[in-house]
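I opened this entry to look up the core of the model and two backbone angles. My notes follow the structure.

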Amino acid sequence: MQDEKVFIAELLHPKTQNEAFRKLLQLYQKPLYHHIRGIVLNHDDTDDVLQNTFIKVHSNLHKFKGDCKLFSWMYRIATNESLTFIQQRAKKQGISNEEVKEKALQKLESDLYFDGDEIQLKLQSAVACLPEKQQLVFKMKYFEALKYEEISEILTTSVGALKASYHLAVKKIEHFLKTD
């Protein structure tokens, strides 16, 4: 934790902030990309949301209180930016958030950056049928292998509630895959 405090001080200090931010990008660009991609599904949209995420991180670093890990704080921003992106896209198109996700899922198979097979597409379809919170919990736990404690910090929810959400999500996905 002490190393993180030093790193945050470097991010905030005018003489070291540029180099520290480059290091931050190196450390978190890939994991945040995959996290965002799991929510918005489209590569180009993911790049846009990732850029917005890092802009928000950079402009709000001075507001970081240190009550959670920097990683968790950044993931929370990425999650919120992803959900906001979907909401804005839905509003712009005059459709629901679920319809935006369904359209993205339909385009996933032809996406050059998607390397999954038919089973992966079925799994993505099953996950898309879950309520938003269960989707987030399932994706963070299953695809990103985050610990419940980390997800708890990111989503500001209790570990017990996350375990229940994950369990329900798994049951729903199993049912979807068996009946499909």
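For the helix numbers below, I take helices as DSSP runs of H or I with at least four residues, numbered from the N terminus. The model is predicted.

Entry 1, the core. I looked up the largest nonpolar core and found 48 residues in it. Leu24, Leu70, Trp73 and Met74 touch the most other members. I then asked which helices each supply at least two residues of this core. They are helix 1 (2-12), helix 2 (17-40), helix 3 (43-60), helix 4 (70-93), helix 6 (118-128), helix 7 (132-143), helix 8 (148-155) and helix 9 (159-179). Helix 4 gives the largest share, 11 residues.

Entry 2, Met74. I listed what Met74 touches, leaving out residues up to four places away in sequence. The list reads Leu24, Tyr28, Leu32, Thr53, Phe54 and Val57.

Entry 3, Leu41. I found this residue in the loop between helix 2 and helix 3. Its phi is near 70 degrees, a positive value in a residue other than glycine. Is Leu41 buried or exposed? The relative accessible area of Leu41 is 8%, so I put it down as buried, the cut-off being under 20%.

Entry 4, Thr156. I looked up a second positive phi in a residue other than glycine: that of Thr156, near 45 degrees. Thr156 lies in the loop between helix 8 and helix 9. Because its relative accessibility is 60% and exposed means over 50%, I noted Thr156 as exposed.

Technical notes: Residues numbered from 1 in each chain as written. Predicted model: local features only at pLDDT ≥ 70, side-chain atom pairs only at ≥ 80, totals over all residues. Heavy atoms only, no water. Core = buried A, V, L, I, M, F, W, Y, C linked by side-chain atoms within 4.5 Å. Buried < 20%, exposed > 50% of the residue type's maximum accessible area, 1.4 Å probe, protein only. Contact = heavy atoms within 4.5 Å.
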